[in-house]
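Trainee: Could you take me closely through the second largest cavity, and tell me which helices and strands supply its lining?

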Amino acid sequence: MAKRPKVKATPANDIARRTRALVTPEGVTLHLRLATAGARAGAFTIDALIMLAVLIALTAGAITLWGSTGSGGPAAIIWLLGFFLLRNFYFTLFESGTRAATPGKRALKLRVVARDGGRLTGGAILARNLMREVEVFLPLIFLMVAQAEGFSNRWLGLLGLGWTAIFIFMPLFNRDRLRAGDLIAGTWVVENERPKIAPDLLAANDRDAIDAYGFTPQELETYGQFEIQRLEEVLHRNDPDTLTTVAGVIRRKIGRRDEGVTWGHDRDFLEAYYAAARLHLERRLLFGQRKRDKFDSAG
């Protein structure tokens, strides 16, 4: 019986294996690439080093001010408090921003997205990062305390390290490279290939080109930052079927049902709408008015 030929590992095959279809609430399909396990580990290492540097700076500052290094001294208290705040709020704070990424993820061009295609919610961000306490920090803290109190032994150490290793290496053993926090929160970590196309689009769509479509403020108010960022991704990927689908969705949403030559080609329409909506949002931000997404009526 002939053996099945092995599929040669190539960069193209790797990209294909990591590509996932994300369907937005509007029914638009975006093709995203999952982050590799190595990239995620590298991002976490960068973030851990940043957290360590902050802790060292806080401890050095406490020692300078109070000159105490005892276990109950100000330096120890500052270190424990800083470690608690960093490990619980560092990741949550950065991933709650518009970039949905910590400094480590931004350095490696990664970001967090919701697997259902919707907006990344605060609850999902909190859930995925609270799980990191169970995955990594709690067993390591337990081992440190056990060592300091003198009741640690070889088997206890192996148990703690084994617990941590199971969660650390979990992304290697599932198709979507998910850690436990991702499974609970319904998130992916994806490659964030977002070249600086916004200035190019704004330059290509000058004031006359935007005005040719005559977008009204009400039409530009339809979407917020989240949807405009999605539109930027659609324009960057330049998939004809996706462009046609998105153009139809936006036309119906803003009440422009005439899809004839009056509105030009789909990409021309989307570029003009993107540029006009982006300018509209930026003007509002100058006055402290932020519209995060289409559901945000307080913008």
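Mentor: In this predicted model, β3 (110-114), β4 (187-191) and α11 (225-237) each supply at least two residues of the lining of the second largest cavity, where helices (H or I, at least four residues) and strands (E, at least two) are DSSP runs numbered from the N terminus. The largest share, 3 residues, comes from α11. A cavity here is a set of points, on a 1 Å grid over the protein atoms alone, where a 1.4 Å probe fits but cannot get out, and lining residues have an atom within 4 Å of a point. By this rule there are 4 cavities of 30 Å³ or more, and the second largest has a volume of about 70 Å³, volume being the space filled by probe spheres set on the points. Of the 10 residues that line it, L32, E191, N192, E233 and R237 are the closest to its centre.

By class, the lining has 3 nonpolar, 1 polar and 6 charged residues, with Asp, Glu, Lys and Arg counted as charged. It draws at least three residues from each of domain 1 (16-135 + 174-191) and domain 2 (204-287), bounds that come from an automatic or database domain assignment.

As for the two strands, β3 and β4 run antiparallel and are joined by 5 bridges, pairing being accepted if DSSP finds at least two bridges; R111 has V190 in β4 as its bridge partner. Because 4 of the 5 residues of β4 are buried, this strand is largely enclosed by the rest of the structure, buried meaning under 20% relative accessible area with a 1.4 Å probe and protein chains only.

Residues are numbered from 1 along each chain as its sequence is written. Local features need pLDDT of at least 70 and side-chain atom pairs count only at pLDDT 80 or more, while totals for chains, interfaces and linings use all residues, and side-chain values use heavy atoms, with hydrogens and water left out.

Technical notes. On a 1 Å grid over the protein atoms alone, a cavity is a set of points where a 1.4 Å probe fits but cannot get out, and a pocket is an open set with protein on both sides within 12 Å along at least five of seven lines; lining residues have an atom within 4 Å of a point. Buried means under 20% relative accessible area, exposed over 50%, partly exposed in between (1.4 Å probe, protein chains only).
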